[in-house]
Amino acid sequence: MTRPTVYHIPVCPFCQRVEILLSLKGRREDVDFRMIDITAPRPDWLLQKTRGTTALPVLETADGRVIKESLVILRYFEDIYREPQIAQTDPYRRAVENMLTTMDRDFVAAGYGWLMNQDPKQRDALRENMLKQYAQLDDFLLEHGAPGPFLFETFGWAETVFTPFFQRFWFLEYYEDFELPTASRYARVREWIDACVAHPAAQQTTREEVIKLYYDYACGAGNGALLPGRSRSSFALEPDWRARPWPPRSKYRQPAGDTELGL
Ligand code: GAZ
């Protein structure tokens with residue numbers, strides 16, 4: 001094998017991070033991306049490479065070695081394709097970027113936890129929890145960041161890490177009627193998000209694709225799992241999401257079946 005290969009899942013935000021970094025470096029065409037169907041059991045040849053783990057992305061390097069974890073894969077590409085550098089090089093600025101990157105954990109958990117919640121009584125608490133995350137990001141950017149829109153001068157490492165999730169969280173607007181309030185305490189993070197999702201290197205997915213594929217997550221079934229009464233996951237590769245109707249927005253009522261979802 002002469003080229004690196006990334007095994008990935010369609011609309012997987014962790015996989016999109018890798019595509020964004022490569023696009024920023026002008027190296028997207030130097031790496032093969034092979035799509036894995038998350039709704040089918042992992043093929044044996046892939047499980048052999050990963051020694052049994054199933055989470056993607058997984059990178060197979062040009063010399064056949066296997067690297068897991070999106071942030072580790074980003075660092076590897078940053079190291080082998082040195083120019084242009086995306087991560088900060090000044091130690092303090094690099095630390096600031098890493099502090100922000102570390103905040104992705106709670107942010108991601110808050111968004112997915114809310115999307116997957118099935119108890120209407122918990123909605124208000126989950127919304128508050130989400131707003132707290134946005135307020136924390138806002139505060140961080142005001143404290144450490146450039147005047148805007150990005151953390152530093154350009155779309156960089158932290159933006160690569162967060163942008164796929166800003167785009168996934170379109171599902172909260174659709175399925176939970178969530179909108180980031182216009183209040184000034186969210187103004188800096190709103191500016192950041194708007195610039196991130198519009199950046200040319202981050203256009204691997206669309207709002208329509210996210211909303212159609214994540215319907216089952218909104219009904220409580222993550223990672224390609226099948227809901228009762230269904231024969232296909234909303235993450236199925238076929239039929240193509242473009243050919244399917246928009247799913248119902250009411251996630252707390254009787255879930256839609258295969259036919260209504262165009263599956
Ligand atoms: N830490 C890994 C990385 O590469 O950064 C995470 C990779 C990962 O979770 N990949 C998922 C996967 O391959 C797809 S994207 N799953 C299939 C499997 O067999 O493991 C799901 C969540 C969540 C946040 C994100 C995702 C998600 O909760 O987008 O809960 C179900 C998965 C906070």
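**Exercises: three backbone spots and a ligand**

Val11 sits in the loop between strand S1 (5-8) and helix H1 (DSSP runs: helices H or I, at least four residues; strands E, at least two; numbered from the N terminus). The model is predicted: local features need pLDDT of at least 70, side-chain atom pairs need 80 or more, and totals for chains, interfaces and linings use all residues. Residues count from 1 along each chain as written, and side-chain values use heavy atoms, without hydrogens or water.

**Exercise 1.** Find the sign of phi at Val11.

*Solution.* Step 1: go to the loop between S1 and H1, where Val11 lies. Step 2: read phi. The angle at Val11 is about 55 degrees, so its sign is positive, although Val11 is not a glycine. Step 3: recall the usual case. Most residues other than glycine have a negative phi.

**Exercise 2.** Which residues are joined by the cis peptide bonds at Pro57 and Pro149?

*Solution.* Step 1: start at Pro57, in the loop between helix H2 (44-50) and strand S3 (58-60). Its cis partner is Leu56, and omega is about 15 degrees. Step 2: move to Pro149, in the loop between helix H6 (123-144) and helix H7 (157-168). There the cis bond joins Gly148 and Pro149, with omega about 0 degrees.

**Exercise 3.** Which atoms of Leu56, Glu69 and Ser70 approach the ligand?

*Solution.* Step 1: list the shell. The ligand has 16 residues around it, and the closest are Thr54, Leu56, Glu69, Ser70 and Asn223 (a heavy atom within 4 Å). Step 2: take Leu56. One of its backbone N or O atoms is 2.7 Å from a ligand oxygen. Leu56 is also the residue before the cis bond to Pro57. Step 3: take Glu69. A polar atom of its side chain lies 2.7 Å from a ligand nitrogen. Step 4: take Ser70. An N or O atom in its side chain is 2.6 Å from a ligand oxygen. Step 5: add the cover. On its own, the ligand has 750 Å² of accessible area, and the protein covers 75% of that (Shrake-Rupley, 1.4 Å probe).

**Exercise 4.** Where does the shell come from, and why does the ligand lie between two domains?

*Solution.* Step 1: find the elements that give two or more residues. They are helix H1 (13-25) and helix H5 (104-116). Step 2: find the largest share. H5 supplies it, with 3 residues. Step 3: sort the shell by class. It has 11 nonpolar, 3 polar and 2 charged residues. Step 4: look at the domains. Domain 1 (5-80) and domain 2 (106-202) both contribute to the shell, so the ligand lies between them (bounds from an automatic or database assignment).

Note on methods:
Polar contact = N/O pair within 3.5 Å; in protein donor to acceptor, adjacent residues only side chain to side chain. Nonpolar A, V, L, I, M, F, W, Y, C, P; charged D, E, K, R; others polar.
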